[in-house]
Amino acid sequence: MMDRLTYLICMAVSFLFMYSVCGVSSDGHYKKLSLRAMNFFLVFLCLYWSLIIGLQNDTGSDYPTYFKMFQDGISGSYFRAHEAGFYLICDRLAVHFHPQVSFFVLALIQSVLFCIFLKYGRFERPDLFVLVYFSCATAFINSTNGLRQFTAMYIFLVGILFLRDKKYIAYILTILVAYTFHISAIYLLAILVGRFWFTFKNKWILIVELAVSIVICFVGMDDLMNFVAQFTPYKSYIGSSYATTGNRVDFINIATKLIYVPFYIHLLFLEYDETDYDSRFFINLGFFCFCIKLMGMSSYYICRFAYYFDILAYLPFYYYVLWVRRTSIKKEWKLLLYFVTLCVMIGPFVAKTCFFPVREYDYHSILSPFFSY
């Protein structure tokens with residue numbers, strides 16, 4: 001039973017810890033701490049998150065594959081030639097340590113990178129962002145299920161900070177580092193070309209973008225993606241069960257994404273400071289990433305690539321939660337809005353981790369046998 005509560009406890013502890021140690025002033029704004037204090041708090045959470053992920057036992061469909069790989073050593077020219085970052089770290093760990101150590105080290109790398117994003121993202125309320133991160137995104141829970149790609153995704157998060165600050169060379173170098181963990185990261189360089197898309201102020205463009213992605217979500221785009229795939233390393237998947245319509249996400253999973261749509265549209269019509277560059281960049285970026293996730297529901301190729309946008313896709317929802325916290329509407333309406341927002345945010349998370357856990361949501365720890373008596 002305790003295993004089922006692990007993710008929920010982690011979310012609660014992380015949120016409450018960030019909320020209590022950072023403090024909130026009487027006007028609801030985040031109190032910025034000294035650099036030394038913030039580093040101490042993030043180190044604690046970083047280790048806590050790494051232990052939860054690093055101590056997983058047979059959680060997720062990819063865990064056995066990676067466990068055997070870490071146990072036997074990472075062989076083959078593919079990893080040495082293409083994903084050297086993953087190879088150099090894990091192959092050396094596999095030689096000297098128990099396979100579980102490799103999971104912990106990669107979890108630690110992921111946690112450190114997320115802490116960097118959290119620290120330098122200039123979020124007004126990082127405690128609320130942490131809450132959205134755990135309850136809405138699936139990156140933390142999927143850490144050992146798609147280990148290489150999610151490590152590359154966390155590296156990409158740091159790259160987004162460079163992109164926001166117009167440090168384009170640093171962004172390119174960061175993506176090249178991510179490439180050494182998963183070759184698909186190289187396609188993230190295309191975002192550099194479309195960077196202007198994240199700075200415009202026309203809300204109707206975002207609404208059209210969202211509408212098109214919803215249509216594609218249901219209609220699908222298999223023929224187009226199979227055509228594109230023939231020019232990529234994924235051409236071997238053409239015609240396989242992975243790339244057919246039978247591999248589309250079921251309606252329940254689609255619904256868990258569509259429930260955010262009304263909140264995203266409402267956000268666009270709220271009054272927020274459009275001169276705030278960070279907010280506009282992150283909201284526009286979040287819409288783009290959310291649309292990619294929606295389209296990925298109908299295509300194996302996009303679904304896998306959409307892993308890179310798993311956290312960024314919920315940036316608009318963070319800003320919506322921030323608005324709910326700030327709004328001065330009548331108390332009764334505000335309480336109702338709080339309730340609805342929390343139900344949408346936390347309800348599916350609790351259902352998937354505590355009541356109906358399957359695959360990667362069904363957490364097991366190597367320490368569980370010691371607490372079963």
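This passage walks through the fold, the core, the charged pairs, the cysteines and the surface of one protein chain.

The model described here is a predicted one. The chain has 373 residues, and 52% of them count as buried. Its secondary structure is made up of 18 helices and zero strands. Contacts between distant positions figure strongly: among the contacts in the chain with a separation of 6 or more, 76% are between residues 24 or more positions apart. On the outside, the chain exposes about 17600 Å², and 68% of this area is supplied by carbon and sulfur atoms.

A good place to begin is the interior. The largest nonpolar core contains 113 residues, and the members with the most contacts inside it are Phe86, Phe156, Phe282, Ile311 and Phe317. Helix α8 gives the most to this core, contributing twelve residues. Phe156 offers a view of the packing: leaving aside residues up to four places away in sequence, its contacts are Tyr171, Ile175, Leu188, Ile191, Tyr308, Phe309 and Leu312. Another core residue with many contacts, Phe317, is also touched by Thr341. Thr341 sits in helix α18, and it counts as buried because its relative accessibility is 4%, below the 20% limit. Besides Phe317, Thr341 touches Phe263, Tyr320, Val321 and Val324, again without counting residues up to four places away in sequence.

Charged residues come next. Side chains of opposite charge can pair when their charged atoms come close. A search of the whole structure finds seven salt bridges. In one of them, the side chains of Arg148 and Glu83 meet with an N to O distance of 2.7 Å. This pair links distant parts of the chain, since Arg148 belongs to helix α8 (residues 147–164) while Glu83 lies in the loop between α4 (77–81) and α5 (84–96), 65 residues apart. Arg148 and Glu83 are both buried. A salt bridge also joins the side chains of Arg125 and Asp127, at 2.8 Å from N to O, and both of these residues are buried as well.

Lys293 and Asp310 form a further salt bridge, with their closest N and O atoms 3.2 Å apart. Here too, distant parts of the chain are linked: Lys293 is in helix α15 (residues 277–296), and Asp310 is in the loop between α16 (300–305) and α17 (315–326), 17 residues apart. Lys293 counts as buried because its relative accessibility is 12%, and Asp310 counts as buried because its value is 1%. In addition, salt bridges with shared partners join Arg122, Arg164, Asp165 and Asp278 into one network.

Arg122 deserves a second look for its backbone. Most residues other than glycine have a negative phi. Arg122, however, has a positive phi near 60°. This residue lies in the loop between α6 (99–120) and α7 (126–135). Arg122 is partly exposed because its relative accessible area is 49%, between the limits of 20% and 50%. Lys166 likewise has a positive phi, of about 60°, although it is not a glycine; Lys166 is found in the loop between α8 and α9 (168–179).

The cysteines can be described briefly. The structure holds zero disulfides. For Cys115, the nearest cysteine sulfur is that of Cys46, 4.6 Å away; Cys115 is in no disulfide because a disulfide calls for sulfur atoms within 2.5 Å. Cys115 is buried, with a relative accessible area of 7%, and Cys136 counts as buried at 7% relative accessibility. Cys303, by contrast, counts as partly exposed at 26% relative accessibility. Its place is in helix α16. Cys303 and Val249 are 54 residues apart in sequence, yet their C-alpha atoms are 9.1 Å apart in space.

Finally, the surface carries a nonpolar patch formed by Ile329, Trp333, Leu336, Phe339 and Val340, which together have about 500 Å² of accessible area. Leu336 is located in helix α18 (residues 331–355), the helix that also holds the buried Thr341. Leu336 itself is partly exposed, with a relative accessible area of 42%. It can belong to the patch because that value is over the 30% required of patch residues.

Terms used:
Residues are numbered from 1 along each chain as its sequence is written. This is a predicted model: local features need pLDDT of at least 70, side-chain atom pairs count only at pLDDT 80 or more; totals for chains, interfaces and linings use all residues. Side-chain values use heavy atoms; hydrogens and water are left out. Patches are made of residues with over 30% relative accessible area and no salt bridge: like charges are joined within 9 Å, nonpolar side chains (Val, Leu, Ile, Met, Phe, Trp, Tyr) within 5 Å. Accessible areas come from the Shrake-Rupley method with a 1.4 Å probe; for residues, only the protein chains shown count as cover. A salt bridge is a side-chain nitrogen of Lys or Arg within 4 Å of a carboxyl oxygen of Asp or Glu. Helices (H or I, at least four residues) and strands (E, at least two) are DSSP runs, numbered from the N terminus. Buried means under 20% relative accessible area, exposed over 50%, partly exposed in between (1.4 Å probe, protein chains only). A nonpolar core is a set of buried Ala, Val, Leu, Ile, Met, Phe, Trp, Tyr and Cys residues joined through side-chain atoms within 4.5 Å. Contact means heavy atoms within 4.5 Å.
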